[in-house]
Amino acid sequence: MIYRSSSEVDFKLGGLPEIPTPSRVLFTQPNYFAVEYSINPHMEGNIGSVRKEEAVAQWEYLRQLYQELGFETSVIPG
């Protein structure tokens, strides 16, 4: 099911089992990141609109942030 608003959520977070907090994050570089076709509503109207330099900068910021928070980060080829 796809929840489109918070009013559609039919469960409580307290009822979910606890999972361990991850300590490692696996990244792949966004070298091939693009929106070339639409497979969900979030992609509609965005074909060809990816600013790759901005995507790479955001990816790098996120990776560094995880490292600063103490996560072990690994990067694999895309």
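This briefing describes the fold, the aromatic contacts and a few individual residues of one protein chain.

The model is a predicted one, and its chain contains one helix and two strands, which follow one another from the N terminus in the order β-α-β. The chain has a radius of gyration of 17 Å, whereas a compact globule of 78 residues would have one near 12 Å. Phe27, Trp59, Tyr66 and Phe71 form one aromatic cluster, and two of the pairings within it, both involving Phe27, are set out below.

**Overall shape and surface**

- Taken along the principal axes, the C-alpha atoms of the chain fill a box of roughly 40 × 35 × 15 Å.
- Of the 78 residues in the chain, 12% count as buried, and the area that the chain exposes comes to about 7,100 Å², with carbon and sulfur atoms supplying 55% of it.
- When contacts between residues at least 6 apart in sequence are considered, 58% of them join residues that are at least 24 apart.
- The chain carries 6 positive and 10 negative side chains, and the centres of these two sets lie 1 Å apart.

**Aromatic pairs**

- The count of aromatic pairs comes to four.
- In the pair of Phe27 and Trp59, the ring centres are 5.9 Å apart and the planes stand at 90 degrees, so the arrangement is edge-to-face; planes over 60 degrees apart are what place a pair in that class.
- Because Phe27 belongs to strand β1 (residues 24-28) and Trp59 to helix α1 (residues 52-68), this pair ties together parts of the chain that are 32 residues apart in sequence.
- Both Phe27 and Trp59 are buried.
- The rings of Phe27 and Tyr66 have their centres 5.8 Å apart and their planes at 70 degrees, so this pair, too, is edge-to-face.
- Since Phe27 is in strand β1 while Tyr66 is in helix α1, the pair of Phe27 and Tyr66 links parts that are 39 residues apart in sequence.

**Accessibility of the ring residues**

- Phe27 has a relative accessibility of 7% and therefore counts as buried, the limit for that class being under 20%.
- Tyr66, by contrast, has a relative accessible area of 28% and is therefore partly exposed.

**Ile76 and strand β1**

- Ile76 lies in strand β2, which covers residues 72-76, and with a relative accessibility of 38% Ile76 counts as partly exposed.
- Leaving aside residues up to four places away in sequence, Ile76 touches Leu26, Phe27, Thr28 and Gln29; among these, Phe27 is also the buried partner in the ring pairs described above.
- The C-alpha atoms of Ile76 and Thr28 are separated by 5.0 Å, although the two residues are 48 places apart along the chain.

**Ser49 in the loop**

- Ser49 has its place in the loop between β1 and α1, where its relative accessible area of 38% makes Ser49 partly exposed.
- The C-alpha atoms of Ser49 and Ala34 are separated by 8.0 Å, the two residues being 15 apart along the chain.

**Phe27 in summary**

- Phe27, in strand β1, is paired with Trp59 of helix α1 and with Tyr66 of helix α1, and Phe27 is also one of the residues touched by Ile76, which lies in strand β2.

Definitions and conventions. Residues are numbered from 1 along each chain as its sequence is written. This is a predicted model: local features need pLDDT of at least 70, side-chain atom pairs count only at pLDDT 80 or more; totals for chains, interfaces and linings use all residues. Side-chain values use heavy atoms; hydrogens and water are left out. Helices (H or I, at least four residues) and strands (E, at least two) are DSSP runs, numbered from the N terminus. The radius of gyration is taken over C-alpha atoms; the globule rule is 2.2 Å times the number of residues to the power 0.38. Buried means under 20% relative accessible area, exposed over 50%, partly exposed in between (1.4 Å probe, protein chains only). Contact means heavy atoms within 4.5 Å. Accessible areas come from the Shrake-Rupley method with a 1.4 Å probe; for residues, only the protein chains shown count as cover. Lys and Arg count as positive and Asp and Glu as negative; His and the chain ends are not counted. The place of a charge is taken as NZ of Lys, CZ of Arg, CG of Asp or CD of Glu. Rings of Phe, Tyr and Trp (its six-membered ring) pair if their centres lie within 6.5 Å; planes under 30 degrees apart count as stacked, over 60 as edge-to-face and the rest as tilted.
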